[in-house]
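Visitor: I would like a close look at a single part, please. Could you pick a pocket and follow its lining outwards?

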Amino acid sequence: MKEALQFYINGEWVDPATPKTLEVINPATEEPCGTISMGSEADVDNAVAAAKAAFPAWSNTTREERIAMFEKILEVYQTRYDEIAETISTEMGAPIWLAKAAQAAMGVAHFSSTLEILKNYQFEEVRGSTQIKKEAVGVCGFITPWNWPVNQIVCKVAPALAAGCTMVLKPSEVAPLNAIILAEIFHEAGLPKGVFNLVNGDGPSVGAPLSSHKDVDMVSFTGSTRAGIMVAKAAADTVKRVAQELGGKSPNIVLEDADISAAVAGGVQGVMMNSGQSCNAPTRMFVPASKNDEVKAVAKAAAEGVKAGDPHAEGTTIGPVVSEVQFNKIQDLIQKGIDEGATLVAGGTGRPEGLNKGFYVRPTVFADVTPDMTISREEIFGPVLSILTYETEEQAIEMANDTEYGLSSYVQSGDINHAREVAGKIRAGNVHLNGAGPDVNAPFGGYKQSGNGREWGEFGFEEFLEVKAVLGYEAA
């Protein structure tokens, strides 16, 4: 049990304005693994005031000073690496191998990539007689989720720090303990007081006042589309910049010329990873109707090879989903798929065999899904794949784009030029060709109701910059 009853404000660990606690639940055991304090508007006010006071000095630090700070943060992060991975595994259920290889690793990746951008970025240039300056946007409010917690914190915090911004973070109250460690890392690294502040709490009590705060210049939110709409509305009255990385229902088009066995098995693995709790998971697979039977057989075998179990056990592929709320939502949607007539190829409702405790979901595959079915339209956020068939490539592309989301997408083909051609017709912020993995230097974000703005790499860095024109800077 870890007690984290204080917030990090103005370089110090401070008590909440009003005492109120929440237990953090280990989803593998359904037992508490920690306790945090829940903040209020008063705590947000204190944190924003600290960030505002720190902004003039931090935004005027030199490139070299920020580079030195990043190098120190990375050094300290490495000393806490295993603890971060263990914490993430405990509070949100990721298998320990995934927590070490990907969850904790993304923190290093984003700090490192941002450091390289900072070393070379051109903050000033002269065009004609006008100077163009790129300056820190100001005080930022960050609201982050539980599914890839360190990844989604650091891909905001790192570029904001590098740009010269100060900030207040509200991590998910479902998996908040990793953020406490990050605050400790920043403190040990010597980040000046007030530059980074942390207030735990829920959306109504902390997220809403942070989004609407008059002294917050930008709010960046990652989470559901429903909550993102609420953040945008709260931010509107103060006309602050809003960046949103929201939901997804990503299509995976398996073209006629693809290696069916490899493409389908890889697609199943892509959905199951992290127990299906990734906004960019390829949850809708489109396959040629003529190959439907072959696809079903490959998908069934792939899903049955996915082992749900104890995050620390040898051979575990996926752990539990994060909470009872998520477990119940996923169970309801699996049942909805059955009720609406999809063919259950693998998995189904209930816990996997041999697991009678913990929020474990059976790796589930539906085939013969139609575009109007609930499981084809709603983001399930669990280890559940929907397979749809198409007669023509044009129909596949049309169905792929027939969604309110547009975060990510996937194309499988035996001909890279064919894959590239189809990629150009998909309305989504990312297109992965033939199993291509993530790239921390590529922009990450969505079209349509998957959000606004981009994270990662130089595109994510520029989200935290304002553009100023100084006219008459050079003599005409």
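Guide: Gladly! A pocket is an open set of points on a 1 Å grid over the protein atoms alone, where a 1.4 Å probe fits, with protein on both sides within 12 Å along at least five of seven lines; lining residues have an atom within 4 Å of a point. The model is predicted, with pLDDT of at least 70 needed for local features and 80 or more for side-chain atom pairs, while totals for chains, interfaces and linings use all residues. Numbering runs from 1 along each chain as its sequence is written, and side-chain values use heavy atoms, without hydrogens and water.

Let us visit the second largest pocket, whose volume (the space filled by probe spheres set on the points) is about 980 Å³. Its lining has 41 residues, and those nearest the centre are Asn 280, Tyr 410, His 432, Gly 437 and Pro 438. Two or more residues come from each of α4 (96-103), α6 (149-163), α10 and β18; helices here are DSSP runs of H or I with at least four residues, and strands are runs of E with at least two. Among these elements, α10 gives the most, with six residues. By type, the lining splits into 20 nonpolar, 17 polar and four charged residues, where Asp, Glu, Lys and Arg count as charged and Gly as polar.

Now follow α10 away from the pocket. This helix, residues 260-272, lies across β13 (251-254), β14 (284-288), β16, β17 (384-390) and β18 (410-412), and runs at about 170° to β14. Helix α14 (residues 393-401) also packs on the sheet, where it touches β13, β14 and β17 (heavy atoms within 4.5 Å), and its direction makes about 145° with that of β17. Such angles run from 0 to 180 degrees between N-to-C directions of lines fitted to C-alpha atoms.

The sheet itself is open and mixed, with seven strands in the order β15-β16-β17-β14-β13-β18-β19. β15 (343-346) and β19 (432-433) are its edge strands, each pairing on one side only; pairing takes at least two DSSP bridges. Thus β18 belongs both to this sheet and to the elements lining our pocket. At the β15 edge, that strand and β16 (residues 364-367) are antiparallel partners over three bridges, with Thr 343 of the pair standing opposite Ala 367 in β16.

For comparison, the largest pocket holds about 1,300 Å³ of space. Its 45 lining residues include Trp 146, Glu 173, Ser 224, Arg 226 and Ala 227, the closest to its centre, and there α9 gives the most, with six residues.
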